[in-house]
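Work through the exercises below with the coordinates open. Each task is followed by a solution in steps.

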Amino acid sequence: MNTKEELRKILYRINGKGYKAYKDIEGFYDFYDYILTIEHVQGDPFASPSRITIKVAHKKSKFPVTYYNTKVKKIALSDFLTREFYKNAKMIAKSNRGIGNSGIITIDDPGQEVLERSSVLIGKEFIEARFVMGLPASGRTILGKEIEIMLFKELPQIVHMSLLHANLNQKKLLEHVQSIEDQEYLHKEIQKLDFVGFIADNSILPRRSGIDDRPMTDKSKLILFKSPPSLEVKISLPHKGEIIGMGIPKGITLIVGGGFHGKSTLLNALEKGIYFHIPGDGREYIATDRTTVKIKAEDGRYVEKVNISPFINNLPFGANVSEFSTENASGSTSQAANIIEAVEIGTKVILIDEDTSATNFMIRDVRMQELVAKHKEPITPFIDKVRSLYKDYNVSTVLVMGGSGDYFDVADTVIMLDNYLPQDVTPIAKIISEKHKTERICEGGDRFGKISSRIPLNTNFNPKKGKKMVKIEAKNLRKIIYGHEIIDLNNIDQLVSISQTRAIGDAIHYYSKKYTNRGICLREGLERVMRDIEELGLDILSPYKLGTYAKPRIFDLAAAVNRLRTFKVK
């Protein structure tokens, strides 16, 4: 291993030379308090910044073992240190040092959720931070003095402020770790209590805006959540102690109420309740079954041999609904496929908002039944399948419904939002259901229908593009470039970080190389991928160290596979 003084000598030697001379600094360097590894040097100032790692021994960082002696604590500590590194790098590093990316020092930027990431790893002997630096240049000429300042002045400051226990805000760190530990405990408790979800009193459901996921702070508009007495439950957490909130039982739950009274806001809080949240987010103590999947209609999506026969039959031109395929699904066929695919992978809770659903998929009232005979209508509406979906597959549904009281007939629980506050109106809804009988005929039969397992063909995963044998890139949160294909994830609402999207793209490649040639079904293959990630870490997804992965869920990984337009099954 080289010393830091040897690195300094290299910088003096390459100062003023062409940019390619930066390759000479790749390697390991002992900075006494930590080990610096320059993993990969960028090709030019406009290329992706250079990959760097820092390893700090536990005897140097001096974090108490009690902060990382369980998996969930490691996730919490890693998240906290990533946030500290990002904040301090933004404050200390000067980014205006030449052209392109010259001068930047940055790490993965977490949002409101706490995810398992590859940015900071907590090992047996070391804490390892993975980040990027933009090596400075004027034109294509190396700015040796600038990179020396970055490596010998700014970076040590960032490391000391971010990765040493003594220099951190001890109270905030402890609060962060304990909060995540409490949230993990809460998720386990709702399973024991047979709830699909829980929302603590005083939670802040509204966000600042559609593009700002931080909690609303406008006190003139903010109404804190309060459970109705009939759904109130108390749960004791290891650190926070007793919390009180609304438990949502298994079965079919309707969320009703007037427009703009908070129905969709509540559903949004539940869809993000699968994740941990940072202290102060307002949604820390909202927990949803981790298999929960948000379902929408998705006009134009690709569908490959999905058995949508529980919902769709007798399509024109004799289309095979037990192996339904299309390049351009309609609203109803896409929503049917989305539900079936989610159940195929193992969801136990689906969330649906009528605003993002196909109307003809959700309801067919008595007047329409009389006008259009059943044998002329291919769609069996969701209202006639939601009960058998729960009975046959133990899949609960939470449904925002403001436009049709027909769902009162099939609901177990009806929650009305009135000025953002929930009321349990189940007894009233049942009285109304008896008083105003719809007289509509149930068209769904006694059973839900078969969920078919599909076996992917391994010849249809091709990430090659041009001269590149593998071209996989997360362009943004909801778009993956996979070879010549674009995977559109615009309707996958539960993705919260581009680092998840990046991991999904590479996980598809990992899956195709390792498991699609074994003749196993999609669910089993993806479960093996997730098990590999759990046991070996996110590093299995790349041939080199990346600090920009966040662990995705199997449901979002499956959604991406299903939307790859070259995906084929037998």
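**Exercise 1. Follow the pairing from β3**

Task: State how many bridges join β3 to β4 and in which sense the two strands run, then find the residue of β4 that stands opposite Thr-37.

Solution. The model is predicted, and local features are read only where pLDDT is at least 70.
- Step 1: β3 and strand β4 (residues 50–57) are joined by 5 bridges and run antiparallel.
- Step 2: Opposite Thr-37, in β4, stands Thr-53.
- Step 3: On its other pairing, β3 (residues 35–40) is joined antiparallel to strand β2 (residues 27–30) by 4 bridges.
- Step 4: Thr-37 of β3 is the bridge partner of Phe-28. Thr-37 thus appears in both pairings, with Phe-28 and with Thr-53.
- Step 5: The hairpin of β2 and β3 has 4 residues between the strands, and Tyr-32 takes a positive phi near 70° there.

**Exercise 2. Describe an open sheet and the helix on it**

Task: Give the strand order of the open sheet of 4 strands, name its edge strands and describe how α5 packs on the sheet.

Solution.
- Step 1: The order is β14-β15-β11-β18, with antiparallel pairing.
- Step 2: β14 (232–237) and β18 (286–288) each pair on one side only, which makes them the edge strands.
- Step 3: From one strand to the next, the twist averages 35°.
- Step 4: The pairing of β14 with strand β15 (residues 241–249) is antiparallel and covers 6 bridges. Within it, Glu-232 has Met-246 of β15 as its bridge partner.
- Step 5: Helix α5 touches β11 (195–200), β14, β15 and β18, and its direction makes about 135° with that of β14.
- Step 6: One residue of helix α5 (residues 170–192) is His-176. His-176 has a relative accessible area of 5%, so it is classed as buried. Leaving aside neighbours within four places in sequence, the contacts of His-176 include Asp-79, Arg-83 and Pro-279.

**Exercise 3. Classify two aromatic pairs**

Task: Classify the pair Phe-85 and Phe-131 by its ring geometry, do likewise for Phe-311 and Phe-361, and locate the four residues.

Solution.
- Step 1: The structure holds 12 aromatic pairs.
- Step 2: Phe-85 and Phe-131 have 4.8 Å centre to centre and 40° between the planes, a tilted pair.
- Step 3: Phe-85 belongs to helix α3 (residues 71–92) and Phe-131 to strand β8 (residues 126–133), so the pair ties together parts 46 residues apart in sequence.
- Step 4: Phe-85 is buried at 0% relative accessibility, and Phe-131 is buried with a relative accessible area of 3%.
- Step 5: For Phe-311 and Phe-361 the ring centres are 4.9 Å apart and the planes are at 55°, so this pair is tilted.
- Step 6: Phe-311 lies in the loop between β20 (303–306) and β21 (324–326), while Phe-361 lies in helix α8 (residues 359–362); the pair therefore ties together parts 50 residues apart in sequence.
- Step 7: Phe-311 is buried at 0%, and Phe-361 is buried at 0%.
- Step 8: Phe-311 and Phe-361 form one aromatic cluster with Phe-382, Tyr-393 and Phe-448. Over the ring of Phe-448 sits the charged end of Lys-385, 5.6 Å from the ring centre.
- Step 9: Lys-55 lies over the face of Phe-126, at 5.2 Å from the ring centre.

**Exercise 4. Buried or partly exposed?**

Task: Decide whether Thr-347 is buried or exposed, do so for Asn-476 as well, and list the polar contacts of the two side chains.

Solution.
- Step 1: Thr-347 is in the loop between α7 (331–345) and β22 (349–353). Its relative accessibility is 1%; the limit for buried is under 20%, so Thr-347 is buried.
- Step 2: The Thr-347 side chain reaches the backbone oxygen of Thr-291 at 2.7 Å. Beyond four places in sequence, the residues touched by Thr-347 include Val-293, Val-395 and Phe-555.
- Step 3: Asn-476 lies in strand β26 (residues 472–476). With a relative accessible area of 35%, Asn-476 is partly exposed.
- Step 4: The Asn-476 side chain reaches the backbone nitrogen of Arg-478 at 2.9 Å and that of Lys-479 at 3.0 Å.
- Step 5: Not counting residues up to four places away, Asn-476 touches Ile-498 and Thr-501.
- Step 6: Val-293 is touched by Thr-347, whereas the C-alpha atoms of Val-293 and Asn-476 are separated by 21 Å, with their positions 183 residues apart along the chain.

Definitions and conventions
Residues are numbered from 1 along each chain as its sequence is written. This is a predicted model: local features need pLDDT of at least 70, side-chain atom pairs count only at pLDDT 80 or more; totals for chains, interfaces and linings use all residues. Side-chain values use heavy atoms; hydrogens and water are left out. Buried means under 20% relative accessible area, exposed over 50%, partly exposed in between (1.4 Å probe, protein chains only). A polar contact is a pair of N or O atoms within 3.5 Å; within protein, one must be able to donate a hydrogen and the other to accept it, and residues adjacent in sequence count only if both atoms are side-chain atoms. Contact means heavy atoms within 4.5 Å. Rings of Phe, Tyr and Trp (its six-membered ring) pair if their centres lie within 6.5 Å; planes under 30 degrees apart count as stacked, over 60 as edge-to-face and the rest as tilted. A charge sits over a ring if NZ of Lys or CZ of Arg is within 6 Å of the ring centre and within 35 degrees of the ring normal. Two strands pair if DSSP finds at least two bridges between them. Axes are lines fitted to C-alpha atoms, for helices over the stretch in contact, and angles run from 0 to 180 degrees between N-to-C directions.
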